[in-house]
Amino acid sequence: MSSLFLANELLYLIAGHLDADSPVDRRALLSCALANNALRMITRPLVFRSIKLFYGTVKNKDEKMVFTDSRFATGARFLDIITINPLIAGFVKELAIGVVLNGVTSSTDICSDDKMFSLYQITPQLTKLQKFAIVSSSQTFKWLDTERTTRVFLHKIASQVQSLDVAPFEFFPVSAFERTKKLRSLRVQNLGWNNRQRTRPKVKLDSLDIGYQSRYLGTGIIKCLNSPSTSLDLSRLRNLTFSCNHISQEIEDILGLCSASLEELSLRSKFFWAKDPRPNLSFSSLHRLRLLDIQSDESQMWFIATILKTLPHNRRNHRATSALTIILAFTHSYRTVYPSYFPSLPWKDVTDSLFDMHMAGHLKRVKLVFTDPRAIQRVDAKAVNRVLDGNDALRALRRSGIIECEAN
């Protein structure tokens, strides 16, 4: 069928509703690209906007970690594509490197300690690259155990992109951001400090995600963020995520660096305050906070209550305070029967704070999400609501339209 039956504006509008990151939509975009030249020109920028390349890892002769090209890797193949058709490189705005399990040295073609490594030849051609990420579902790498040429490349790429995700690396050096001008979003496991820090214009981050697969943040992170000679400035930070297994007192120190600007706070941890079970903390300075997203084990309900009690949204303030959306996501433990245990959780302190926020006019909505990893099929949300109605305070808040529930 000829594309002349529809104006290009309509074709762009249709294609724009497809998400290239969704497997179903991506297949649809690829099918459109095969239909005719007009659709190919429209869909190709969407197909190649975000790409993911896979590399292996091995230890080289010096026992340092390197990335590898092999028959299982895809970097060399993508290099061939953009060599034949250089226009494709100009469509790429997001590049993710998927790291597969450790390979065997004898099966590799070329490693990242070689300047001819495919990744080193690909990135200079991606003139519109905005985001770079290294993704690994099972591996983490110590920065000092990574081969030098690979580290130099990561330093260089950090200075070229607006969004950087190097979460698989332990103690990624804060000095890597000394020459960055574009960087606005950063995701790291933790940060490493060295004595070669120099005073330069600092990177003013908009978004920071820290703690990936770490047990604790550690006190060293405060020095990396708060030292006068650090490369990072959190004074304009709008989005902050903690993703470590245990969150402790360091959270308050970091919040102190960005409380005047912070709008979205995510706490994703199995347990909180493992080092100090009764911390003296306050989130009362977070007047601009408009989204609080907490994902944890149901046993941490007391921590949720502690957070909510200290928020400025509990009170009528002379200072402007943003309306707050709260998402509380609980992972079901194996100690109780799902979902009949819901009413027995210690809801009172939580619901008291929610009621105070509502009366103060600072609560927009609350979403409760319950996840059971053992569940064979999705639990009916209506059934969950019926069970939650066994708690008088939750029933009152739900019927007033403040709380909505989701279960899976």
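The legends below describe several close-up views of one predicted protein model.

Residues are numbered from 1 along each chain as its sequence is written, and side-chain values use heavy atoms, with hydrogens and water left out. Because the model is predicted, local features need a pLDDT of at least 70 and side-chain atom pairs count only at pLDDT 80 or more, whereas totals for chains, interfaces and linings use all residues.

**Figure 1. The whole chain, with its 12 helices and 22 strands.** Helices (H or I, at least four residues) and strands (E, at least two) are DSSP runs, numbered from the N terminus. The chain has 408 residues, and 50% of them count as buried. Buried means under 20% relative accessible area, exposed means over 50%, and partly exposed lies in between (1.4 Å probe, protein chains only). Among contacts with a separation of 6 or more, 72% are between residues 24 or more positions apart; a contact means heavy atoms within 4.5 Å. The accessible surface is about 20700 Å², and carbon and sulfur atoms contribute 53% of this area. Accessible areas come from the Shrake-Rupley method with a 1.4 Å probe, and for residues only the protein chains shown count as cover.

**Figure 2. A nonpolar surface patch that includes Leu-13.** Leu-6, Leu-10, Leu-13 and Ile-14 make up this patch, and their accessible area together is about 360 Å². Patches are made of residues with over 30% relative accessible area and no salt bridge; like charges are joined within 9 Å, and nonpolar side chains (Val, Leu, Ile, Met, Phe, Trp, Tyr) within 5 Å. Leu-13 belongs to helix α1 (residues 8-16). Leu-13 counts as exposed because its relative accessibility is 52%.

**Figure 3. Aromatic pairs of the chain, including Phe-67 with Phe-141.** A pair of aromatic rings is described by the distance of the centres and the angle of the planes. Rings of Phe, Tyr and Trp (its six-membered ring) pair if their centres lie within 6.5 Å; planes under 30 degrees apart count as stacked, over 60 as edge-to-face and the rest as tilted. The count by this rule is 10 aromatic pairs. One of them joins Phe-67 and Phe-141, whose arrangement is edge-to-face, with 6.5 Å centre to centre and 90 degrees between the planes. This pair links distant parts of the chain, 74 residues apart: Phe-67 lies in strand β2 (residues 65-70) and Phe-141 in strand β6 (residues 141-142). Phe-67 counts as buried at 3% relative accessibility, and Phe-141 counts as buried at 6%. The pair of Phe-117 and Tyr-120 is edge-to-face because the ring centres are 5.4 Å apart and the planes stand at 70 degrees. Both Phe-117 and Tyr-120 are buried. Ring pairs also connect Phe-67, Phe-141, Trp-143, Phe-169, Phe-172 and Phe-177 into a cluster.

**Figure 4. The surroundings of Asp-209 in strand β13.** Strand β13 spans residues 207-210. Asp-209 counts as buried because its relative accessibility is 13%. The side chains of Asp-209 and Ser-243 are joined by a polar contact of 3.0 Å. A polar contact is a pair of N or O atoms within 3.5 Å; within protein, one must be able to donate a hydrogen and the other to accept it, and residues adjacent in sequence count only if both atoms are side-chain atoms. Leaving aside residues up to four places away in sequence, Asp-209 touches Leu-186, Arg-187, Val-188, Thr-241 and Ser-243.

**Figure 5. Salt bridges between strands, with Lys-142 and Glu-170 and with Arg-187 and Asp-165.** A salt bridge is a side-chain nitrogen of Lys or Arg within 4 Å of a carboxyl oxygen of Asp or Glu. The whole structure contains 11 salt bridges. In the bridge of Lys-142 and Glu-170, the closest N and O atoms are 3.2 Å apart. Lys-142 lies in strand β6 and Glu-170 in strand β8 (residues 169-170), so the pair ties together parts that are 28 residues apart in sequence. Lys-142 is partly exposed at 46% relative accessible area, whereas Glu-170 is buried at 17%. The closest N and O atoms of Arg-187 and Asp-165 are 3.0 Å apart. This pair links strand β10 (residues 185-188), which holds Arg-187, with strand β7 (residues 163-165), which holds Asp-165; the two residues are 22 residues apart. Arg-187 is partly exposed at 26%, and Asp-165 is buried at 12%.

**Figure 6. A salt bridge within helix α10.** Lys-348 and Asp-352 meet through their side chains at 2.8 Å, N to O. Both residues lie in helix α10 (residues 348-360), 4 residues apart, which is about one turn of the helix. Lys-348 is exposed at 58% relative accessible area, and Asp-352 is partly exposed at 33%. Elsewhere, salt bridges that share partners join Glu-263, Glu-264, Arg-288 and Arg-290 into one network.
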